[in-house]
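Open the model in a viewer and keep the selection panel at hand. The stops below go from one selection to the next.

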Amino acid sequence: MTSGMTLAEQARQLFDSAVGAVQPGPMLQRTLSLDPSGRQLKVRDRTFQLRENLYLVGFGKAVLGMAAAAEELLGQHLVQGVISVPKGIQAAVEHAGKQEMLLKPHSHIQVFEGAEDNLPDRDALRAALAIQQLAEGLTADDLLLVLISGVGAADREPGGGGSALLPAPIPPVTLEEKQTLTKLLAARGATIQELNTIRKALSQLKGGGLAQAAYPAQVVSLILSDVIGDPLEVIASGPTVASAHNVQDCLQILNHYGLRAALPRSVKTVLSRADSDPHGPHTCGHVLNVIIGSNSLALAEAQRQAEALGYRAMVLSTAMQGDVRSVARFYGLLARVAAARLTPSLAERPLEEETKLHQLAAELQLPDLQLEEALEAVAKAQGPVCLLAGGEPTVQLQGSGKGGRNQELALHVGVELGRQPLGPIDVLFLSGGTDGQDGPTKVAGAWVTSDLSSQASAESLDVAAFLADNDSYTFFCRFQGGTHLLHTGLTGTNVMDVHLLICHPQ
Ligand SMILES: Nc1ncnc2c1ncn2[C@@H]1O[C@H](COP(=O)(O)OP(=O)(O)OP(=O)(O)O)[C@@H](O)[C@H]1O
Ligand SMILES: O=C(O)[C@H](O)CO
């Protein structure tokens, strides 16, 4: 075995390296630097003067660690800061022993915890107000550092993410009305793009509102992306990005989900006002928006690590989406095609699976998929290969079991891998959420091999029954003493999920 580790140990190391690349400390150190005099802050290729004029605000799940890292780097210049983070996160970070992600005892940064259950609540509203006040008090000499991260994206629950931690509805819209509308939209299947278009239209701070409040101060936004494709205007509803949407876009979305007729009067008022707003959309010329962490950065690091372990490694896609069952079929077919290409006696033979794989890839509509390139690389590899991907598939919840989309995907892939023999190739698939929490469970995900179905039968575990009840966590807790679960604890970051498919000739 390459490097004396088992395949499972290697997969775990690769997952950890992906998560390590998007930890708050390293991300901020990569992006920010002070000149030796300590008077100039460099952010990528831009330089800002520091003279007791630095302020900080932030919102999102990973923002506590990002703020701690910013304080460590720039603490002596920081006049004041306010961050809005999920309820209980400070205690959880302390419990996880991640001291470096906590603020110093006499920090200049005030922490608000809110948005219990990922819903914008009164505590989050208070935080948003404090952030707004800080921003509005700034002058042209000041520099505002904005730290942004989200919670999740695709089939997410109603209010989560940076968006839920910065609620500032435009009066007369109330917090409750906004909450109800976003809940309804999410329940009817609205995408994060659609949800956040509506949120922006009803919010004082989203869609560039925060940047506008801070004007004429300089604004530097450091953004950890939790949305496929890293769209600045969607992540946490783009508080420092000019919104490209108009009222017509909002009405179309509301129409599409059958919500236009039942809109509260306040929402109608705000939308009609926006329509005739003489100021037009916010301008954000004083803002520098920088994506400091993303799924592709995490995968690039895992790819480097895999190559260091002796694999031929390729990133397939950072936009894996679609129903977990289809995504699992995709990985099952991919494993079969890759295994055939790695087996000299089969390598030249066209496989029926290959046609199916391409058809399924087309159905899944993965914008950045490098399938041909990956298969060519596998054909040339003549040794172990590691195919990496990221994104956020979706689960149709039908049962009442406990699980998450990563564990459910892994379990489905395990079944797919066991359908037919894969030849003299060991195959392992791992799926993990980079935040360390898969759905409502305390694990990041799970890994499987092609023996899963037979080993589960030997333990009298009925995989199909667990899948039908969306009970992947219970399955993996019982299966082989829970050893296939990925325990990472809270990681302090969040760039969606990471998938690894390892094919290792025996
Ligand atoms: N029993 C279950 N089995 C499978 N998936 C589940 C189950 N219960 C909840 N989920 C899924 O878990 C997801 C919510 O969990 P989680 O908080 O990990 O995701 P998120 O908020 O989208 O973002 P992120 O993981 O990026 O923080 C939803 O996609 C939901 O469908
Ligand atoms: O905050 C949000 O809106 C989501 O997490 C996407 O960033």
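**Stop 1: residues 385-497**

Select residues 385-497: the C-alpha atoms at the two ends lie 20 Å apart, and the span is 29% helix and 21% strand. Helices here are DSSP runs of H or I with at least four residues, strands are runs of E with at least two, and both are numbered from the N terminus. The UniProt record, an unreviewed entry, lists this span as "domain: MOFRL"; UniProt positions follow the numbering used here, feature names are shortened, and annotations may be inferred rather than shown by experiment.

This is a predicted model, in which local features need pLDDT of at least 70 and side-chain atom pairs count only at pLDDT 80 or more, while totals for chains, interfaces and linings use all residues. Residues are numbered from 1 along each chain as its sequence is written, chains are lettered from A and ligands numbered from 1 in the order in which they are written, and side-chain values use heavy atoms, with hydrogens and water left out.

**Stop 2: the mixed sheet**

Next, colour the strands in the order β10-β11-β15-β12-β13-β14, which form an open six-stranded sheet with mixed pairing. Two strands pair if DSSP finds at least two bridges between them. Which strands stand at the edges? They are β10 (312-320) and β14 (485-486); each has a single partner strand, so one side of each is left without a neighbour in the sheet.

Zoom in on β13 (residues 445-449) and β14, which run antiparallel and are joined by two bridges. Here A446 stands opposite L485 in β14.

Now add helix α1 (residues 7-21), which packs on the sheet and touches β11 (385-391), β12 (425-433), β13, β14 and β15 (497-505). The direction of α1 makes about 35° with that of β12. Contact means heavy atoms within 4.5 Å; axes are lines fitted to C-alpha atoms, for helices over the stretch in contact, and angles run from 0 to 180 degrees between N-to-C directions. Helix α13 also packs on the sheet, touching β10, β11, β12 and β15, with its direction at about 160° to that of β10.

**Stop 3: two helix pairs**

Show α13 (residues 324-341) with helix α16 (residues 405-417): their axes come within 8 Å and cross at roughly 45°. That makes α13 oblique to α16; angles under 35 degrees count as roughly parallel, over 145 as roughly antiparallel, 65 to 115 as roughly perpendicular and the rest as oblique. The contact includes V324, Y331 and A335 of α13 and L409, H412 and L417 of α16. By class, the contact of α13 with α16 has eight nonpolar, two polar and six charged residues. Ala, Val, Leu, Ile, Met, Phe, Trp, Tyr, Cys and Pro count as nonpolar, Asp, Glu, Lys and Arg as charged, and the others, Gly among them, as polar.

Then select α1 with helix α12 (residues 295-308), whose axes come within 7 Å and cross at roughly 140°. The two helices, α1 and α12, are therefore oblique to each other. Among the residues in contact are L14 and A18 of α1 and E301 and Q305 of α12. The contact of α1 with α12 divides into seven nonpolar, three polar and one charged.

**Stop 4: the parallel sheet**

Finally, select β6-β5-β4-β7-β8-β9, given in sheet order: an open sheet of six strands with parallel pairing. Its edge strands, β6 (109-114) and β9 (287-293), each pair on one side only. Inside the selection, β7 (residues 143-149) and β8 (residues 218-224) pair over seven bridges, and L143 stands opposite Q218 in β8. Helix α2 (residues 24-31) lies across β8 and β9, at about 135° to β9.
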